[in-house]
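Hi everyone, thanks for coming along. I'd like to walk you through a structure that may be new to you, so let's bring it up on the screen.

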Amino acid sequence: AGHEQPCGKPCAQLLVSVASPGCDGFPSLDSKESYELSIAEDSLLLSADAVWGALRGLETFSQLVGRDEDGTYYINETEIMDFPRFHHRGLLLDTSRHYLPLRAILQTLDVMAYNKFNVFHWHIVDDPSFPYESVTFPELSRKGAFNAVTHVYTASDVKTVIEYARLRGIRVIAEFDTPGHTLSWGPGAPGLLTPCYLGKNLSGTYGPINPILNSTYEFVTSFFQEVSTVFPDFFLHLGGDEVDFTCWKSNPKIRAFMQEMGFGDDFTKLESFYIQRLLDIISSFGKGYVVWQEVFDNGAKVRPDTIVHVWKENSPPYKQEMAEVTKAGYRALLSAPWYLNHISYGQDWMQAYQVEPLQFEGAPEQKGLVIGGEACMWGEYVDVTNLTPRLW
Amino acid sequence: RRSTMGRAMGLAGLLVGLFLVSAVLVGTSLRHGVPRAEPEPELDLAEWDPASGAFPEDSPWPLPQSLRTFPRQLQLAPDRFQIVHGAGSSAGPACQLLQDAFRRYYEYMFGYSGWRQRGRKGLAAKPELAQLQVVIASPEPGCDGYPQLASSEAYHLTITEPVAVLKADEVWGALRGLETFSQLVHEDDYGSFLVNASEIYDFPRFAHRGILLDTSRHYLPLKSILTNLDAMAFNKFNVLHWHIVDDQSFPYQSIYFPELSNKGAYSYNHIYTPTDVHLVIEYARLRGIRVIPEFDTPGHTQSWGQGQKDLLTPCYSGKQPSGSFGPVNPILNTTYDFMTKFFEEISSVFPDDYIHLGGDEVSFDCWQSNPKVNEFMKKQGFGIDYAKLESYYIQKILDIVSSYNKGYVIWQEVFDNKAQLKPDTVIEVWMANNYVQELSRVTGAGFTAILAAPWYLDYISYGQDWKKYYSVEPLNFLGSEKQKKLVIGGEACLWGEFVDATNLTPRLWPRASAVGERLWSSRNVTDLKDAYKRLSNHRCRML
């Protein structure tokens, strides 16, 4: 940085000057992504506070280079001062409903970089399959993946994704969604899920994670200790959405526990009981967390630095939810109007573009709590054969 | 190829098999020969139980008219198994179409397994199927000809050891039978290629089963078109309706009028040369697929005006030409001179008996604005009914095309606007509103009809929209039996406004497969749960 030599005309070098680099670190929510680009006949200069800004600037620079009809590369004299409006600009991929081969994930990270996205929200496991190969609990993927050999992400795969992302200034926030959306955890972790009852007898089916057993919390502690080490980002996404209470209701031991705890018939209290213990466990590993909005809606006690992820379009309308989350002092992420898996005919990109994330009732300080949003590509109807054209 | 959990049958199995065979012959008739399990709930994680007898890995799509499978399994050895011409076949090694098909289907079944010399013969736990013999019955097999509307696509497939036999009247039926046979061959967990003993009688319910591709809104590279012809063959589609030019671009490189694509294509890289066109036609022919080109006029012709001066009607703003152009100008002799020459070329380039002449969505605004057109209208006594002018134009085009001994397909407006049509005109019903009544009207007037209206696959939506395409019943309209016979089939349309090579294949397939079965299989094949199982399996097979 800081060369004084003038370059010739036309200038043949893009000088990249970074104030405080952080080359070997990981991007974070607070990372500086601002940059300045000055393109003149005798100097091409890209300057940024941090490497993350340099990455954004390089992307912009590459977009400005054009080619004329003779094949000559050219660029206009330009002055750019740039920084992101929102710090969290994410994309969700779902590798449980359909496995996505590594190359699909890496390709997506490339396109994210073209679009200056900086968070890869990896919804890695869910009901249909468990492709995450855990070192501590190898049975989870051995029994829970669509195929234990071909449809898993090994520790090496995960490292590859994290590093590929890092080199593009993209954070990887893994989501291990509990206590619902966990059917695939059951085969590899017997006793983890709640056994459902039909009357007085076991029905043979399973429900959400069993919140009343000590073994559950022992498992959760060990499992998330591994996850906390594997994924370097400060935040983990803990899910907490769409917990179906039917199975819990059917189980007599759970009902007895509810009585003991004085929860009455309010299963949201049981859900919060589980969530709170989970959050404490995660905190003990020095991680922060993002949760889906139900965790907040159901009144669980969460840390002040919790990020609430707003995903429901209605009931309540998402603008109202954004107002309530931020009014309560929590940071918010918006996804509700950006479920890109909901395809439709024509130029539906316009609806996505016209969303104004801060258009809700609230004071300026509240609006300041909206840290950004995420486009979601849920995987029920998406696999490697159609991911790219559906998403971009 | 997904593997099943195969079971060695042995002698006990053979006895059980024999018992089941007789039970089957007595019991069920047209569908799977083995009693079915209770329909499974729609779980993503449904487990296939081989004990129930229904091996989904070998379930064909579309479902044949008559399919009997027996539990007895036969084994195929890739380096010994052969597809050959059977004794008594009117086709032999000189039949290039079949030779090509034999190799293609061998590769589909065995992939690159066939390349390796296995050497050691394994423990033959199952009887070996050594050959598939293909026998063409008709003295004119059709090897060097083109498929036609009246071609026979029926076949009879008997799979039993040591030799399976595929009988068909014409090569087209043999192609359909080879596709079915290849769908029945599956791999077990140990890598062995198996096929269940089976007996199949099959023929299509409708003779015209088409896919429309639009190469004007977005150019489609050759590779894209050829990949889709392959996919069509997997689903027994037999017509490629090539909507080759339109307002946006003119990629067809004409020999008589090279300026049409020189000026009208998106770029020189976005054209179909005569070689490209021949390639598509031949690639399709080898798969029993007709290529019906559509040169849509008088509307949808903006791109024609770039390279052919004075073809389009100049629009007027008051008394002055506005600078913009409308549909083909119907009042000039030069128009018909051009069309005569142009369609002479088209008639010789495209071998099919039919050409699609379009005729849809003609906007009358420009004609209305043009004083010379209005003068003409007066002279002809059309008053202010521009539909009459449209029909005047269309009739002249139809006569031109007829003079080249071609039949024609047209969009419904031409019929709706009461143009004079030859009795063998095929009318394509595309407007979604009241298409059922339109079918009654078209067939009631004695014309043949093709149905496209409920099958506009470019209208994507979230979720399993294949179900609504599958649930269409083309003959659900008011009419006599005679009328219903006039519906010769239908087409799944993938208009190109939002489609190019980056998303064509996943958008079209496997949704179009639903239309494929509706047009091939029997009317009573409507169960969505069963279709879901077979379609999910078929989709993976197509990949």
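Let's start where the two chains meet: 16 residues of chain A are in contact with 16 residues of chain B. Please keep in mind that this is a predicted model. Together, the two chains bury about 1400 Å², and carbon and sulfur atoms account for 68% of that. Which three residues supply 45% of the area that chain A buries against chain B? They are Ile343(A), Tyr345(A) and Tyr381(A), and no other three residues supply more.

Now for the charged and polar side of this interface. The count between chain A and chain B is 1 salt bridge. Here Arg539(B) and Asp383(A) meet through their side chains, at 3.0 Å from N to O. On the side of chain A that touches chain B, you'll find 6 nonpolar, 7 polar and 3 charged residues. There are also 4 residue pairs in polar contact between the chains.

Let's move into chain B itself. Here 8 strands close into a barrel with parallel pairing, in the order E9-E10-E11-E14-E15-E16-E17-E18. From one strand to the next, the twist averages 30°.

To see one pairing in detail, look at E10(B), residues 239-243, and E11(B), residues 290-297: they run parallel and are joined by 5 bridges. Within that pair, Leu240(B) stands opposite Val291(B) of E11(B).

And what lies across E11(B) and E14(B)? That's helix H8(B), residues 333-349, which runs at about 165° to E11(B). Thanks for listening, and do ask me anything!

How values were computed. Residues numbered from 1 in each chain as written. Chains lettered and ligands numbered in written order. Predicted model: local features only at pLDDT ≥ 70, side-chain atom pairs only at ≥ 80, totals over all residues. Heavy atoms only, no water. Pairing = 2+ DSSP bridges. Helix = DSSP H or I, 4+ residues; strand = E, 2+ residues; numbered from the N terminus. Axes fitted to C-alpha atoms, helices over the stretch in contact; angles between N-to-C directions. Contact = heavy atoms within 4.5 Å. Buried area = accessible area lost by both parts, 1.4 Å probe. Salt bridge = Lys/Arg side-chain N within 4 Å of Asp/Glu carboxyl O. Polar contact = N/O pair within 3.5 Å; in protein donor to acceptor, adjacent residues only side chain to side chain. Nonpolar A, V, L, I, M, F, W, Y, C, P; charged D, E, K, R; others polar.
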